[in-house]
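Open the model in your viewer and keep the selection tool ready. Each stop below tells you what to pick and what you will find there.

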Amino acid sequence: MESKASPRTIGLIGAIAIGIGGMVGGGIFAVLGEAISFAGGATPLAFALAGLIALLTAYSYAKLSVRFQNRGGTVFFIDQAFQHNLLSGGLNLFLWLSYLVTIALYAKAFSSYAATFFDTPSTYLTHFLVSGAILLPMMINLISSSFVSRSETIIVVIKLLLLLLIMTVGTATIDTERLSPQHWQPAMEIFIAGMVIFVAFEGFELIANAAEEIKHPAKNLPRAFYLSVGGVLLLYIGIAAIVVGSVPQQQLIAAQDYALAIAAEPSLGQTGFQLVAIAAVLATLSAINATLYGNARLGYLIAREGELPKALDHEQRHIPINGILTIAIISLVLANSIDLTEIAILGSAGFLLIFSVVNISAFRLRAEIGANGITPIIAAIASTLALLVLLLQTAKNNPLALAIFFGFVLSAFGFEWLYGRSVRGHWFHRSY
């Protein structure tokens, strides 16, 4: 419910910035090459498919956020719909784990772009850069949470300006023939590409966590969700079209991990390459910064309610020290042991699962939140089918990624079941 204690200091522009900042983090830099390898010339269409599911899900988030203005966000919505049982508890832990995967994804992308500034990248350098991308934001979060907020705003502006610059100057170098259907992969591959890169749209749900602080929430919350997702969708489609249309596909696939930087060369030369690489380094660092900040507080929230060990229910100077350290350690292990494709699949599958449940939650609560019954159920079906197709394709092509995904699911629900029985001994009502 709406908190009277929370001052409403965030306007519509600020709310939209939260959503855009959450989405345009490291995702577009990390997964663009993956999309091209799957979809070829149809990469813009792959982003459109993923964005359509995000837009449908934004309707559920908008309705739920207006009715339940609570910093618990996704966690609170699932609890309201499923009454604090094993399902909701396990999914809440799974959400916490999924944010760890996105940190690992951004760290991988940081390493790929940062390595382009070195003449002879090595395995040791890769691990050093991956680890540094997590340890630096960890130290920033431990020192000052206000610095996280200030630095995030500046970096969001820089990366958006650079992406818009690429779109503006890149239009002159597009060869539309490269975007023609003869360069498209089969329809199923295009759909798979959209689902693999779905993690690039993860982040708009963070608007829900700030609902208590947003002015005129009944009006501004829906606008913030729709405008942020819609704007990012158009940005991604434009970027994908320019990248695929400006550079031969073979060259993009060869430089898959830093495809966006390669795409800046036809119009801006080596300077363009370096500008994009710098933007990617800043964007991925800021994304790790923000995700670490938010997930540490999510962990604190659910630890306070007894779903994670009490050690995570600990703050100094309003900073969840133990939560930040725990997240950093697990993320370091993931980023240094799993490859980029597996992390992208794991992240996308994780958020498709979470969003499926949020859409079902909106459908179950449709009378209370004033939602129509059609949009949430369409969104739930679309996200669930997308998840199933992604998992089936992954089972054929990357069984290790599938095993890791189900390992995460079993870990979340297994921990919730064991911890609930042995420590709490009962289900309970959350306060948030």
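**Stop 1: the second largest pocket**

Select helix H5 (86-114) and helix H15 (340-364). Each of them supplies at least two residues of the lining of the second largest pocket. Bear in mind as you look that this is a predicted model. Which helix gives the largest share of the lining? H5 does, with 3 residues.

The pocket has a volume of about 250 Å³. Its lining counts 15 residues. Pick Lys-108, Ser-112, Thr-126, Asp-257 and Leu-340, which are the closest to the pocket's centre. Now colour the lining by class. You should get 5 nonpolar, 6 polar and 4 charged residues.

**Stop 2: Glu-34**

Go to helix H2, residues 27-39, and select Glu-34 there. Is Glu-34 buried or exposed? Its relative accessible area is 2%, so Glu-34 is buried. The cut-off for buried is under 20%.

Next, show what touches Glu-34. Beyond its neighbours within four places in sequence, Glu-34 is in contact with Gln-256, Leu-340 and Thr-341. You have met Leu-340 already, among the residues closest to the centre of the second largest pocket.

Try a distance, too. Pick the C-alpha atoms of Glu-34 and Leu-86. They are separated by 35 Å. Along the chain, these two residues are 52 residues apart.

**Stop 3: the cavity**

How many cavities of 30 Å³ or more does the structure hold? There is 1. The space in the largest cavity is about 30 Å³.

Select the residues that line the largest cavity: Phe-94, Ser-98, Val-101, Leu-346, Gly-347, Gly-350 and Phe-408. H5 and H15 are the elements that give two or more residues to this lining. These two helices also each supplied at least two residues at the second largest pocket. By class, the cavity lining has 4 nonpolar and 3 polar residues, and no charged ones.

**Stop 4: aromatic rings**

Now show the aromatic side chains. The whole structure has 14 aromatic pairs. Start with Tyr-61 and Phe-77. Their ring centres are 6.0 Å apart and their planes are at 65 degrees, so this pair is edge-to-face. Tyr-61 sits in helix H3 (residues 43-67), and Phe-77 in helix H4 (residues 74-82). The two are 16 residues apart, and their pair links distant parts of the chain. Both Tyr-61 and Phe-77 are buried.

Keep Tyr-61 selected and add Phe-204. This aromatic pair is edge-to-face as well, at 5.6 Å centre to centre and 85 degrees between the planes. Where is Phe-204? Look in the loop between helix H8 (187-196) and helix H9 (206-209). Tyr-61 lies in H3, so the pair ties together parts that are 143 residues apart in sequence. Tyr-61 and Phe-204 are both buried.

Widen the selection. One aromatic cluster takes in Tyr-61, Phe-77, Tyr-99, Phe-198, Phe-204, Phe-225, Phe-351 and Phe-355.

One more ring is worth a click. Select Phe-363 and Arg-366. Arg-366 lies over the face of Phe-363, at 4.1 Å from the ring centre.

**Stop 5: helix H8**

Return to H8. Which of its residues are buried? They are Ile-190, Ile-192, Ala-193, Gly-194, Met-195 and Val-196. Show what covers them. The cover includes H2, H3, H15 and helix H17 (374-397).

**Stop 6: His-216**

Move to the loop between H9 and helix H10 (217-246), where His-216 is found. Check its backbone angle. His-216 has a positive phi of about 45 degrees, although it is not a glycine. With a relative accessible area of 55%, His-216 is exposed.

**Stop 7: Leu-292**

End in helix H13, residues 265-304, and select Leu-292. Leu-292 is buried, with a relative accessible area of 1%. What is Leu-292 in contact with, leaving aside its neighbours within four places in sequence? Light up Ile-103, Pro-137, Met-138, Asn-141, Ile-324, Ile-327 and Ala-328.

For a last distance, choose Ile-327. Its C-alpha is 7.2 Å from that of Leu-292 in space. In sequence, Leu-292 and Ile-327 are 35 residues apart.

Definitions and conventions:
Residues are numbered from 1 along each chain as its sequence is written. This is a predicted model: local features need pLDDT of at least 70, side-chain atom pairs count only at pLDDT 80 or more; totals for chains, interfaces and linings use all residues. Side-chain values use heavy atoms; hydrogens and water are left out. On a 1 Å grid over the protein atoms alone, a cavity is a set of points where a 1.4 Å probe fits but cannot get out, and a pocket is an open set with protein on both sides within 12 Å along at least five of seven lines; lining residues have an atom within 4 Å of a point. Grid points are joined across faces, edges and corners, and a volume is the space filled by probe spheres set on the points. Helices (H or I, at least four residues) and strands (E, at least two) are DSSP runs, numbered from the N terminus. Ala, Val, Leu, Ile, Met, Phe, Trp, Tyr, Cys and Pro count as nonpolar, Asp, Glu, Lys and Arg as charged, and the others, Gly among them, as polar. Buried means under 20% relative accessible area, exposed over 50%, partly exposed in between (1.4 Å probe, protein chains only). Contact means heavy atoms within 4.5 Å. Rings of Phe, Tyr and Trp (its six-membered ring) pair if their centres lie within 6.5 Å; planes under 30 degrees apart count as stacked, over 60 as edge-to-face and the rest as tilted. A charge sits over a ring if NZ of Lys or CZ of Arg is within 6 Å of the ring centre and within 35 degrees of the ring normal.
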